[in-house]
Amino acid sequence: MEFPIAGVTVNPLFLAGIGFLVGILGGFFGVGGGFLAGPMMFWAGVPMNFVVGTDLAHMTGKSLVAARRHRALGHVDIKLGTLMVAGTIPGVELGAQVIERLKHTGSVDTVVGTAYVAILLVISVFTAWESLRALRKKATGPEADPLVAEEALGVEDALGFEGIATRVHGISLRPMISLPQSGIGSISLWTVLAVGFITGVLAGVLGVGGGFVRMPMLVYLIGVPTHVAVGTDLFEIVISAGFGTVTHAIKGNVDILMALVMQTGAAVGAQIGAISTSYVSGPKIRLAFSVLPLIGAVMVLLKLTA
Amino acid sequence: MPGSKRSVSFQTMNEVSKHHPRKKIVSPEPDAQTLVRNFLLELIVYGILVIAYFLVVLRWLAEPLNQLFHSNLITYAFVALGLMLAQGIVLEYVTSFLLEQLRPEDLE
């Protein structure tokens, strides 16, 4: 099928297939899936500028479907998501400025590439270690320490390492807010904004949507149950990817026909992914998630060494 | 004596529980069969939708959207976002509705 806007001929079933694959990942892990969809679209012959913009557009629709499904399951904390977005936007701006500075020094690829690989490896190793610990803790029975929201959500969850979240909750910088949907009685507003800001900076510097970074941060720093972290992350992606779609489309980088075709596959994948989270406990979701940053890191390493 | 009263009370409770055992509260168990069935059902529903979509909707949309892309990028940007969001909502509603109507649990 010919896509006149991008000026390429691509099999629509292939595009729907890509959408389906990243849709499952998005619905299950709360990530945008750009690390996978981008290279596959490029491989299919889509020009690079259209790859970035079109991927963002399809991500908006796919995340909307997944977020709505997660919301129906009670897995979206809209209050937390909105506050995080407020912190993320200035963070992304700062990250973009850091990139501009690095461009002047001529070391942007090396610095960003190395940082990207290092951060993703740390996230991957830590998430795998913690989730295995949590699974072992749950298996021992009485020592298992379920999160507050577990019963309310009707899902299983536990953390193998709660030290950071407990310390973060202990910061009593006013105003204090409560996040009932996430089972958090009291947390400083500034802490939530700061976590959003850090996520934004990393997303801006690394040039990724942020799902890789945001989901673990929501779980380990703020203490959000895994299922709510996935749903809330998707809610944030709808806003950030929607904003990205408009800015890229104005620059002529979005083939909306291609994005609509991808979304037909992504919509079903996203629903399946979202529904599947109800059948899997939090630590198992995190353990499976720990593979994704590793894939991202390997892809960047290959690009750096090529 | 309060102690004996309590032991009688426990005895009574034990008797009652023998004859009327308390139902065990079971958390939602992973049901792989339902999951696979839902998955296949959604695939069929979406498969039909996707083919219909390719044949009908994209043919109508391709030319006007291409013209808009070349004439007014700002309008195109907002139309693009609107289409993505609208399609997302419609697809989610349609499949949820169909799944509800078909009730996969009754297909056993």
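This report describes helix packing, a cis peptide bond, salt bridges and the chain interface in a predicted model.

## Helix H1 against H2

In chain A, helix H1 (residues 12-29) has a neighbour in helix H2 (residues 34-43), and the axes of these two helices come within 9 Å and cross at roughly 170°. Because angles over 145 degrees count as roughly antiparallel, H1(A) is described as roughly antiparallel to H2(A).

On the H1(A) side, the contact is made by Phe14(A), Ile18(A), Leu21(A), Val22(A) and Leu25(A), while H2(A) supplies Phe35(A), Leu36(A), Ala37(A), Met40(A), Met41(A) and Trp43(A). Sorted by class, this contact of H1(A) with H2(A) has eleven nonpolar residues, with no polar and no charged ones.

## Helix H1 against H3

Helix H1 of chain A also packs with helix H3 (residues 48-72) of chain A, where the axes come within 10 Å and cross at roughly 45°. The two helices, H1(A) and H3(A), are therefore oblique to each other, and their crossing is right-handed.

The residues of H1(A) that make this contact are Gly19(A), Val22(A), Gly23(A), Gly26(A) and Gly27(A), and those of H3(A) are His58(A), Lys62(A), Ala66(A) and His70(A). By class, the contact of H1(A) with H3(A) has two nonpolar, six polar and one charged residues. Val22(A) is listed in the contact with H3(A) and is listed in the contact with H2(A) as well.

## A cis peptide bond

The peptide bond that runs from Arg174(A) to Pro175(A) is cis, and its omega is near 0°. Pro175(A) is placed in the loop of chain A between helix H7 (163-170) and strand S3 (176-179).

## Salt bridges

Over all chains, the structure holds three salt bridges. One of them pairs Arg286(A) with Glu130(A), and the closest N and O atoms of this pair are 2.9 Å apart. The pair links distant parts of the chain, since Arg286(A) belongs to helix H12 (residues 282-289) of chain A and Glu130(A) to helix H5 (residues 108-139) of chain A, with the two residues 156 residues apart.

## The interface between chains A and B

The contact between the chains takes 40 residues from chain A and 35 residues from chain B. Between them, chain B and chain A bury about 3400 Å², and 75% of that area lies on carbon and sulfur atoms. The count of salt bridges between chain B and chain A is zero.

Technical notes: Residues are numbered from 1 along each chain as its sequence is written. Chains are lettered from A and ligands numbered from 1 in the order in which they are written. This is a predicted model: local features need pLDDT of at least 70, side-chain atom pairs count only at pLDDT 80 or more; totals for chains, interfaces and linings use all residues. Side-chain values use heavy atoms; hydrogens and water are left out. Axes are lines fitted to C-alpha atoms, for helices over the stretch in contact, and angles run from 0 to 180 degrees between N-to-C directions. Helices (H or I, at least four residues) and strands (E, at least two) are DSSP runs, numbered from the N terminus. Angles under 35 degrees count as roughly parallel, over 145 as roughly antiparallel, 65 to 115 as roughly perpendicular and the rest as oblique. A crossing is left-handed if the near helix is turned anticlockwise from the far one by less than a right angle, and right-handed if clockwise. Contact means heavy atoms within 4.5 Å. Ala, Val, Leu, Ile, Met, Phe, Trp, Tyr, Cys and Pro count as nonpolar, Asp, Glu, Lys and Arg as charged, and the others, Gly among them, as polar. Buried area is the accessible area (1.4 Å probe) that two parts lose on being put together, summed over both. A salt bridge is a side-chain nitrogen of Lys or Arg within 4 Å of a carboxyl oxygen of Asp or Glu.
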